[in-house]
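Let's take a walk through this structure together, beginning where two chains meet and ending at a single side chain. Have the 3D view open as you read.

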Amino acid sequence: MDSKQQYLRDCVERLATRREVVQVLGTGLIVVVVEPLHSWQEEDDVISAKRPVLRIEVAPDGWVVLRTGKVELGQGSRTLLTQCVAEEMGIAPAKVRLVMGDTDTCPDDGGTWASMTTPETVPAVRKAAAEAAGSTLHEPSAWKVLGQSVPAIDGRDIVTGRKKYASDWMPAGLLAAKMIRPPFYKATLESVSAPDGVRVVKDGDLLAVVANTPREAEVQATKIIAMWKPSQLTPPNFKRDSEMPVFVEGARYPAIVKRGDLATGDALAVKRLKSEYAVANIAHVPLEPRASVARWQGKKLTVESGSQAPFLVRNELKQHFGLTERQVRVRAIDPGSGYGGKQRGECELEAARIAKLAGADVRLAWSREEEFERAYFRPAGVIEVASGIDASGKIVSWDFHNFNSGASSLTPPYAIPHLYCGFHKSKSPLREGSYRSLAAVANNFARESHVDELAALAGIDPLEFRLKNLSDARLKEALERGAAKFGWKQSKGGMACNLEKDARLALFVELDVVKTQVKLKRIVCVFDCGAILNPGNLRNQVEGAIVQGMGGALFEKVQHDSERILNAKMSKYRVPRFSDVPPIETILIDRRDVKPAGAGESPITTIAPAIANGIFASTGKRLRSLPLMG
Amino acid sequence: MAQWSLEINGKTEKVVAEAATALLWVLREDLQLTGAKYGCGEGSCGACTVLVDGKAERSCLLPISSLKGRKIQTIEGLSSAEKLHPVQKAFLDEEAFQCGFCTPGMILASVALLSKTAKPGREAVRQSLNGHVCRCGSYPRILAAVELAARGAK
């Protein structure tokens, strides 16, 4: 079965309204649907008993179907989970078919976030596959499919342009919707007028037009005259407006981390240092602006979109419309990535509201400007660090406060006897949310910059200083191997490390500074996430994360005045390009005996402090605010 | 609205649209050629790249009225179902993508570059593709893929 047939088959099996089946059949391919997965499309508001959600199913034609609530964003989950099934069932990866991110047919594996596919979904899928095969889990030392660089399952579709992303999903018979946005970031609608013949949809501040085609909707949208009252965007004062950290039992990212006693630590210190760091709001800029298709059949709502978190979006829709879980189906279509930016259902909710008001099936596609302004940004923040070292250069006290940006990666990897790390919630004029690795970039930027400052204060080489203060053997090994590869003793550069989401990272960078411009010349990165499940894909993830991290490190920043976002365009918001990227040498450490950690996020956390430390090494100037060239 | 005759992937396609309509929307919405992607609408990301008379052009900025008698090639027309174009093969061999949304544009721009310069140096590839964004950051692999294609497939 070639990939086109595969795609058509997916269409039939996964969507299968009558109209679509006819459309697909109309291409000349005969597809036999043995057993439709759903019958609710035939009904009105009577919801049939749901077919039980099956993780793994051996189809009559010998295909093994794996269902997962996770989504493929480009991080390789489709291939990785295929490998798990192939490994445990002893079959070829080509015999495995994934159904991903469909809330009606897939188990809720949680959102595709926080690098949880590897630690959580991989074990669940391996276990289910082993059970289906009636065997025990394969030992990592005997892996035949896992641990191999299995090529991306959808690679051929990608290079031929056949892969269908969320915005490519344009079934016939839908109306096209276009949101009418205020020329301000936040505003309330005061009045609206539209000429005859324009189909306007209005509900509170939701204002849209619908038309037969997207181009017609674009034209109609220009005919609307809407008056908006802007809200002021007050510059944030993160420290002044902050709350005290609150410890919540069982939180994934606790807001307070304590060890020993700060006063005791301070008494041991012979040298002290206090510094403040800052990070700006940045945008995810997934290359694909989002799009959603929404259809109502009586009280049953179906939404298809490039969501990273279809189950979360289902809940948002359910709550907004007062529906039951069974009345809402969200089906994720692979997005042109997300990086944490496509976890909330902004576009999905708009599409569903418009469809309901228009009484028609609707497709809503956002523009690039909407993608910038109408989703959410990575939080900005301020981080204060006060620390002390003893006469031998050991860090003895560490008082670390993150205001607004987030609680992830608060815990330092260093063996510091007395520490307090706290996350203080605060207020921001912009809507903020998740971003690849959450606040780990901000916290590791502050931490690793500060450690470099302490090394200078102690008069000790930054590598030696880190090794002296670390106890984690794997992290020390990563640093030592990276330093050897980089030639730390001979080369001038910057370094940073991290122990994030169970992965150990070390990064070394050589750079040139000319006036305010920083030119990266060479990067060496060491990454240890335990057992490597797919080395080829892991290398791609690690290097891609480093490249993405360069943007936030050097130049990415959302700018606004008191009413508007000023750079909500690709031509105004600079993202890393070919010319920014130096050669990257990556050393992957494979530990088959160690449970694998997720790796989509943590490699983004070391580049910013390594660059800041490199700038210091090269110029003597300490920059404490991201972006460094901003 | 007028009817336009466009030569796309070796076929003549008739479409009805305003003269100023960008080729990208006609490809995607009228002809279901969705390999050309919308990324920014201002020629800043390269995701919508197609070949016009063999040259890489931003289809989001090309009014269809400007395309009379010109040969348009999209990613869908680059290879047959069985046999990949050498540049496609090189991208696949190097796995020079993550989400893949930028890939059709990257491949077509690389095809245009290699048809003009058979053996471009790394710096020439970098400069030639600098208007293309890969937000997943697969740039090092894309450079390797273009170099691989220039050397002849693996």
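In this predicted model, 54 residues of chain A are in contact with 55 residues of chain B. The size of an interface is often given as the accessible area lost when the parts come together. Between chain A and chain B, the buried area comes to about 4300 Å², with carbon and sulfur atoms giving 53% of it. Three residues are worth finding on your screen: Arg215(A), Leu287(A) and Phe578(A) together supply 22% of the area that chain A buries against chain B, more than any other three residues.

Arg215(A) deserves a second look, since we meet it again among the charged pairs. There are 5 salt bridges between chain A and chain B. Arg215(A) makes a salt bridge with Asp30(B), and their closest N and O atoms are 3.0 Å apart. Across the interface, 36 residue pairs are in polar contact, both partners being at pLDDT 80 or more.

Which elements of chain A give two or more residues to the side that touches chain B? They are helices H5 (155-160), H6 (214-221), H10 (368-373) and H14 (535-554). H14(A) gives the most, with 8 residues. Sorted by class, this side of chain A has 24 nonpolar, 16 polar and 14 charged residues.

Now let's turn to another arginine of chain A. Arg522(A) sits in strand S20, which covers residues 517-528 of chain A. The Arg522(A) side chain makes a polar contact with the side chain of Ser491(A), at 3.4 Å. Beyond its neighbours within four places in sequence, Arg522(A) is in contact with several residues, including Lys485(A), Phe508(A), Glu510(A) and Pro582(A).

Terms used
Residues numbered from 1 in each chain as written. Chains lettered and ligands numbered in written order. Predicted model: local features only at pLDDT ≥ 70, side-chain atom pairs only at ≥ 80, totals over all residues. Heavy atoms only, no water. Contact = heavy atoms within 4.5 Å. Buried area = accessible area lost by both parts, 1.4 Å probe. Salt bridge = Lys/Arg side-chain N within 4 Å of Asp/Glu carboxyl O. Polar contact = N/O pair within 3.5 Å; in protein donor to acceptor, adjacent residues only side chain to side chain. Helix = DSSP H or I, 4+ residues; strand = E, 2+ residues; numbered from the N terminus. Nonpolar A, V, L, I, M, F, W, Y, C, P; charged D, E, K, R; others polar.
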